[in-house]
Amino acid sequence: MYTLAGKNIVVGVSGSIAAFKVAGWVSALAKAEANVTVIMTEAAQRFVTPLTFAALSGNRVYGAMFAADAGEEMTHIRLAREADVMLIAPASAQTLARLAHGLADDLLAVTTLATRAPVLICPAMNSAMYSHAATRANLETLRVHGYHLLQAASGVLACGEEGQGRLAEWPDVQPFLLRLVTPQDLAKKKILVTAGPTREAIDPARFLSNRSSGKMGYALARAAMARGAEVVLVSGPSALPDPAGVRVRRVISALDMYEAVLAEAADADVVIKAAAVADYRPATVFDEKVKKDQIDTSLSLIANPDILLELGRRKRPGQILIGFAAETRNLEAAGRKKLAAKNLDLIAVNNVKAAGGGFEAETNQLLLIGRDQVAPEALPLVSKDAAAHMLLDRVSWLFRQAARLQ
Ligand code: C5P
């Protein structure tokens, strides 16, 4: 339900050297089990052959407006109707102009006019062309007409110039495409997610930390973005890339995280604390690296503030507060205790000792415990992305419950 699998995606490729990159996107979509149909403008076929896209998509590629075989004369209407979403990439200056003015002189333009599916446009061109007033005006018109636009990226362009005009990268495009085919049940909700470990400095070279990779929190941020939420991710040091469409605030220590989270939480509708925050930090932080022969073999620690506890104290009516608990035994009892102590609405307990769950793993098995006295919900062992969506299903349910009570 929350993937691109089984979705009908019409990819419109226009004439830009970046067309070769879109071959990789079509391959990724086919691997994700989407049903991809490619339409190429005439200019696009000069850069990449239709055979490339046919082989990668496993489907026939369309180019000509008037097919010779009689059964295909309404191609544009059929493709437009069947599409769950259209992706136009690379969108050349010419294609942007065509679409902005509603011209219907090639198959891509006419299919775009005929579809009621959402359309995502990814421009790519020389930076002077991209910044030209005519292109700017066309982009603005397309926005007003309800098309979804992704900005071109900056960097060295195929023409040798440096500037804005590069085709966006697939990891930045895929989340927006997914959002366009996902039910928007969390639209207009601000969701704050925390992720990753924290680092507690000993001196400029050393720190205390933990095994958290950030994978669960990043999966939650991506899932919430796909479901239409405005997402802020406060992340401790993690090797994961910033998720597209998410505002990311990178922090280092528990104290940094405390400040960032409290500032963002004030107007958040949901706070999900998936970060593994260090409970203690070294009592003294040395300005200079401590020499090996000067190291004291015992380290004295002081407690960090419990961010979630503080959020529970400050919780606004209607705000949903969700904690995570990493446990190794008595999961339900430990979860219920934390839920009450921190004034949470929901706690996700994971057994960090269980196979396939917990730190660094790609999968997780969560036990969800709510405030009500109903039995906890034991989720199956699934990918962290799937676990994230299951947790958000519960958030969505909480919102529906609250709306019913009003
Ligand atoms: O009590 P415990 O640390 O096990 O609770 C875990 C939950 O509390 C997690 O959601 C974690 O993000 C949060 N936490 C926090 N501040 C701390 C420690 C944990 O917000 N200093």
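In the predicted model, an N or O atom in the side chain of lysine 342 is 2.9 Å from an oxygen atom of the ligand. A second lysine side chain takes part as well: a polar side-chain atom of lysine 338 is placed 2.4 Å from a ligand oxygen atom. Lysine 273 approaches the ligand through its backbone, with a polar backbone atom 2.6 Å from an oxygen atom of the ligand. These three lysines belong to the set of residues around the ligand, which also includes Ala275, Val277 and Asp279. Pro305, Asp306, Ile307 and Leu308 are further members of this set, as are Gly323 and Phe324.

Helix α1, spanning residues 19–31, packs against helix α3, spanning residues 50–57. The axes of α1 and α3 are 8 Å apart and form an angle of about 15°. Angles under 35 degrees count as roughly parallel, and α1 and α3 are therefore roughly parallel to each other. The crossing of α1 past α3 is right-handed. On the α1 side, the contact involves Ala19, Val22, Ala23, Val26, Ser27 and Ala30; on the α3 side, it involves Thr52, Phe53, Leu56 and Ser57. The residues of this contact of α1 with α3 comprise 7 nonpolar and 3 polar residues, with no charged residue.

Helix α1 also meets helix α9, through Trp25, Ala28 and Leu29 in α1 and Trp170, Val173 and Leu177 in α9. In the contact of α1 with α9, 6 residues are nonpolar, and no polar or charged residues are present. The axes of α1 and α9 come within 11 Å and cross at roughly 50°; α1 and α9 are therefore oblique to each other. The crossing of α1 and α9 is right-handed.

A further helix pair is formed by α10 (residues 215–226) and α14 (residues 384–405), whose axes are 8 Å apart at an angle of about 60°. Helices α10 and α14 are therefore oblique to each other, and α10 passes α14 in a right-handed crossing. Helix α10 contributes Lys215, Met216, Ala219, Leu220, Arg222, Ala223 and Ala224 to the contact, and helix α14 contributes Lys384, Asp385, Ala387, Ala388, His389, Leu391 and Leu392. By class, the contact of α10 with α14 has 9 nonpolar residues, 1 polar residue and 4 charged residues.

Two features of the backbone were noted. Most residues other than glycine have a negative phi, and most peptide bonds are trans. The bond joining alanine 89 and proline 90 is a cis peptide bond, with omega about -10°. Proline 90 is part of strand β3, which covers residues 85–91. Lysine 188, although not a glycine, has a positive phi of about 70°. Lysine 188 is located in the loop between α9 (170–180) and β8 (190–195).

Alanine 93 belongs to helix α5 (residues 93–100). Apart from neighbours within four places in sequence, alanine 93 is in contact with Met125 and Met129. Alanine 93 and threonine 182 are separated by 89 residues in sequence, and their C-alpha atoms are 29 Å apart in space.

Conventions: Residues numbered from 1 in each chain as written. Predicted model: local features only at pLDDT ≥ 70, side-chain atom pairs only at ≥ 80, totals over all residues. Heavy atoms only, no water. Axes fitted to C-alpha atoms, helices over the stretch in contact; angles between N-to-C directions. Helix = DSSP H or I, 4+ residues; strand = E, 2+ residues; numbered from the N terminus. Parallel < 35°, antiparallel > 145°, perpendicular 65-115°, else oblique. Left-handed = near helix turned anticlockwise from the far one by under 90°. Contact = heavy atoms within 4.5 Å. Nonpolar A, V, L, I, M, F, W, Y, C, P; charged D, E, K, R; others polar. Near = heavy atom within 4 Å. Polar contact = N/O pair within 3.5 Å; in protein donor to acceptor, adjacent residues only side chain to side chain.
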